[in-house]
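Work through these three exercises with the structure in view. Try each task before you read its solution.

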Amino acid sequence: MIRRGLLLAAPIAAVIFAASPLMAAEPVERIATGAFDVKAAPEGAADAPIGTYKLDKVYHGDLDGIGTGKMLTVDTKTEGSAAYVAIERVTGTLAGRKGGFALDHVGTMARGATSLHIAIVPDSGTDALTGITGTLDIRIEKDGKHFYTLRYKLPN
């Protein structure tokens, strides 16, 4: 009788401990904000059907570091319609952790309406930022100043 009780209790205990927040806490989403400076230097002919640019960024604020990357663009004959894709490698310090990660940019403008998605490339985190996931939002003020909001998670 005791053995049978132990055999039934073991699976129940396993479920309770596996569901316990103390056993495996899910990473909490964090938010980093600040400004950044960007230089986009054209590469290739100005009248090329696909524009190519070298990106150099300096991040200030909660993310303190540099970003380097490549961007491809295409314009259309319609005012306010265009698209870009870019890959960027960021290195620096985020929330006191030194390391880096890559960003994947996809942007589209349709007659002035914008759609922008920037994501941390899965498994691109290095050093103390290994395992980072998340997205980055960009806001550009009328005066041309750039700001970011990075929503991210890091393993505990």
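**Exercise 1.** Is Leu72 buried, partly exposed or exposed? Place it in its strand and its surface patch.

*Solution.* Leu72 has a relative accessible area of 42%, so it is partly exposed (buried is under 20%, exposed over 50%, partly exposed in between; 1.4 Å probe, protein chains only). Next, find its strand: Leu72 lies in β3, residues 63-75 (strands are DSSP E runs of at least two residues, numbered from the N terminus). Last, the patch: Leu72, Ile50, Val85 and Val106 make a nonpolar surface patch of about 320 Å² (its residues have over 30% relative accessible area and no salt bridge, and nonpolar side chains are joined within 5 Å; a salt bridge is a side-chain nitrogen of Lys or Arg within 4 Å of a carboxyl oxygen of Asp or Glu).

This is a predicted model: local features need pLDDT of at least 70, side-chain atom pairs count only at pLDDT 80 or more, and totals for chains, interfaces and linings use all residues. Residues are numbered from 1 along each chain as its sequence is written, and side-chain values use heavy atoms, without hydrogens and water.

**Exercise 2.** Locate Lys57 and find which side chain it joins in a polar contact.

*Solution.* Start in strand β2, residues 51-59, which holds Lys57. Its relative accessible area is 6%, so Lys57 is buried. Its side chain joins that of Glu88 in a polar contact of 3.1 Å (N or O atoms within 3.5 Å, one able to donate a hydrogen and the other to accept it; residues adjacent in sequence count only if both atoms are side-chain atoms).

**Exercise 3.** Which element gives the largest share of the largest nonpolar core?

*Solution.* The largest nonpolar core has 17 residues (buried Ala, Val, Leu, Ile, Met, Phe, Trp, Tyr and Cys, joined through side-chain atoms within 4.5 Å). The largest share, three residues, comes from β9.

Definitions and conventions
Helix = DSSP H or I, 4+ residues; strand = E, 2+ residues; numbered from the N terminus. Patch = residues over 30% accessible without salt bridge, like charges linked within 9 Å, V, L, I, M, F, W, Y side chains within 5 Å. Areas by Shrake-Rupley, 256 points an atom, 1.4 Å probe, with all protein chains shown as cover.
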